[in-house]
Every structure is written in C-alpha cells, then in structure tokens.
Amino acid sequence: MLKFSYSQINTFSNCPQKYKLIYIDKIKKPHDSIEAFLGKVVHEVLEWIYKEKMSYLIWDSIEKKYTEIWKEKWHENIYIAPIRKKLDTNHFKKMGLECLRNFYKNNQGPYIDFKNVHGVELEIEFMIDEYHFKTIIDRLDKFENRYEIHDYKTGKSKTHDDLKNDLQLFIYQKAVESFCDKNKKINLNWHYLKESSKNKQHIKIFKNEDDLICHKRNLLEKIDRIIDARKKEYFPSNPNFLCNWCYFWEECEAKKQYNEINPSILAK
Ligand code: SF4
C-alpha cells in the first residue's frame, strides 16, 4: 500500500526524478547537507529539553547538550553546497546554537513551560480519504479547549502570508484530527528559529473550514499527479536551485554534469 507524507509530496513537486530515486528505487545515500545535519541536531536538543522538563534549565546545559550531540552525530558524509562554499562548518555550528538561543529567549528560559506538553516527535499514521499518510510532529500541546501543534524550522523563515497555502500544516492538522477530541480547536505553530524577534520567530495559524476544503483539494490533486506518474512510469528530472543540496550524483544526469562544474564540498 502506498503511504504518503509531506516530504514525499514536496519532493515530487520539486523534482519527479528525485521522487523516483528515493521512493520507488529506494536508493539511500549516506550524504547529509550541513544544513540538514544542523537541523537534526537542533531538533534533538529540543526533544531533549521537552522530555527532561527541567523546572530551571540554564542556558549552559543546552549549549553543552548541543555540542555533545553535534560531536556524537558528526559523520564523514556531510557536505557544504557549492552555493555556500564561502562558509565553513563553524559558521553552521554557530548558526544552530543561535537558533536554540533564540528559542530559549522567546520561551522564558530558564523557566520553560512544560505543563501542557502532550508529546514530542510524535509518529502518527492516518487516512485522508482513501490515502494512507505517515507524519512526525515535533511537539503537541494539549489544553482544555484546544491542541497546539508545534514545528521547528532552522531554514529560511516565512511570513504568515507565505504559509497560507502550506500543505505541511494541513497534513499535521489532519494527523491530530485523526485521534483528538473533536470538540477541541487545533492551532498550528511554526517556530522559525533563526529569527530572534518573537513576532517573526513564532507564527500561529488557525485554519477555518474553507481553508481546509481548499487544502484538501490541492493535496488530492498532487496525489493524483503522483499516481499518474507511477502508472506512466514518467519521472522527468527538474534541474533547479535545490540540486545544490541533492546527492544523486551517479543516478541523475543533471546532477552529474552540475557536480563536475561546481562540486559540493566535504565539511570538516
Ligand atoms: S540533482 Fe536535481 S534534477 Fe537531479 S534528481 Fe536531484 S533535484 Fe532532481
């Protein structure tokens, strides 16, 4: 049975060939971009914070944890994209720490509030119509009258308007709706951790019925396109800006040429 996820749908929209290599041919690459690595380390530290639930959490413990995880998880296949070649590993390491510092500052560190945390890194399987989905939610808070879904981003920030049509939020909402109390409202919270100001960092969204209908239509159209491509076995490559962070050097002709001209740099 096909299982969909946001990243699968997004990958197909950006490059059908990449979708085929990952989800049909099931090719696994050991490579990580340094941005993806940084994101994983920051997420792991946040998971630790919300699992430990310390009533008084000093900044030094977070910095120590970040350094430990960075060191422990570092591996020999981390790359800096050609487009970022003027930057080095240290730059990215500091950026990750800055993300955590911004979060700490805007969440009342050292007195971070844990009392409504329902779960972290929640894996949820659910259906949208006849389609099976799988997703992971960074954090879910439960209140008497509502749920708050939280997602942390270490990449480029977006505004409230940019997020109006974002399908990731819709998929998270459907995931929580699949098991939650129907009388409770669901709010969606995006945390753009590179932003130090609270207004830019924390974007909260509530979807009304019209939004949900429109998102569902949009999502089902994307799924139809994937199913159609699978039937026709037609997965053209789509060379674009994101090729900078794609590691199918041997498998994709576009990447092979691209990487010969402007290769990614092994991070040290
Ligand atoms: S290198 Fe670019 S064109 Fe090739 S699979 Fe990756 S994203 Fe697609």
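In this predicted model, Leu-100 touches Val-42, Val-45, Ile-62 and Tyr-66, when residues up to four places away in sequence are left out of the count. Leu-100 also has a place in a wider grouping, the largest nonpolar core, which holds 45 residues. Within that core, the residues that touch the most other members are Ile-34, Val-41, Val-42, Val-45, Leu-100 and Tyr-172. Helix H3, which covers residues 34-52, supplies the largest share of this core, with eight residues. Where does the core lie with respect to the two domains? Domain 1 (31-112 + 237-266) and domain 2 (117-231) each contribute residues to the core, and it therefore lies between them. A second core, separate from this one, consists of six residues, among them Leu-21, Cys-243, Tyr-247 and Phe-248.

The division into domains deserves a closer look. Domain 1 is made of two stretches of the chain, 31-112 and 237-266, while domain 2 is the stretch 117-231. Taken over C-alpha atoms, the centres of domain 1 and domain 2 are separated by 22 Å. Contact between them involves 14 residues of domain 1 and 16 residues of domain 2. On the side of domain 1 that touches domain 2, the elements that give two or more residues are H3 and H5. Helix H3 provides the largest share of that side, nine residues. Helix H3 thus appears in both settings, as it also gives the largest share of the largest nonpolar core. By class, the side of domain 1 that touches domain 2 has six nonpolar, five polar and three charged residues.

The model also includes a ligand. Which residues are closest to the ligand? Of the 13 residues that surround it, the closest are Cys-15, Cys-243, Cys-246, Cys-252 and Lys-255. Helix H2 (16-24) and helix H9 (253-261) are the elements that give two or more residues to this shell. The shell divides into eight nonpolar, three polar and two charged residues. Cys-243 has been named before, as a member of the second core.

Some details of the backbone can be considered next. Most residues other than glycine have a negative phi, and most peptide bonds are trans. The peptide bond from Gly-109 to Pro-110, however, is cis, with omega near 10°. Pro-110 is placed in the loop between helix H5 (89-106) and strand S4 (117-128). Lys-53, although not a glycine, has a positive phi of about 50°. This lysine, Lys-53, is found in the loop between H3 and helix H4 (59-73). Is Lys-53 buried or exposed? Lys-53 counts as exposed because it has 12 C-beta neighbours inside 10 Å, and a residue with 12 or fewer such neighbours is classed in that way. Glu-121 likewise is not a glycine and has a positive phi of about 50°. Glu-121 lies in strand S4 and is partly exposed, with 15 other C-beta atoms within 10 Å.

Finally, the chain may be viewed as a whole. The chain has nine helices and nine strands. Its radius of gyration is 20 Å, close to the 18 Å that the globule rule gives for 268 residues, so the chain is as compact as a globular protein of that length. Along its principal axes, the C-alpha trace spans about 55 × 45 × 30 Å. Of the 268 residues, 27% are buried. Among contacts with a separation of 6 or more, 73% are between residues 24 or more positions apart.

Notes
Residues numbered from 1 in each chain as written. Predicted model: local features only at pLDDT ≥ 70, side-chain atom pairs only at ≥ 80, totals over all residues. Near = placed C-beta within 6 Å. Helix = DSSP H or I, 4+ residues; strand = E, 2+ residues; numbered from the N terminus. Nonpolar A, V, L, I, M, F, W, Y, C, P; charged D, E, K, R; others polar. Core = buried A, V, L, I, M, F, W, Y, C linked by C-beta atoms within 7 Å. Buried ≥ 20, exposed ≤ 12 C-beta atoms within 10 Å, placed from the backbone. Domains from an automatic or database assignment. Contact = placed C-beta atoms within 7 Å. Rg over C-alpha atoms; globule rule 2.2 N^0.38 Å.
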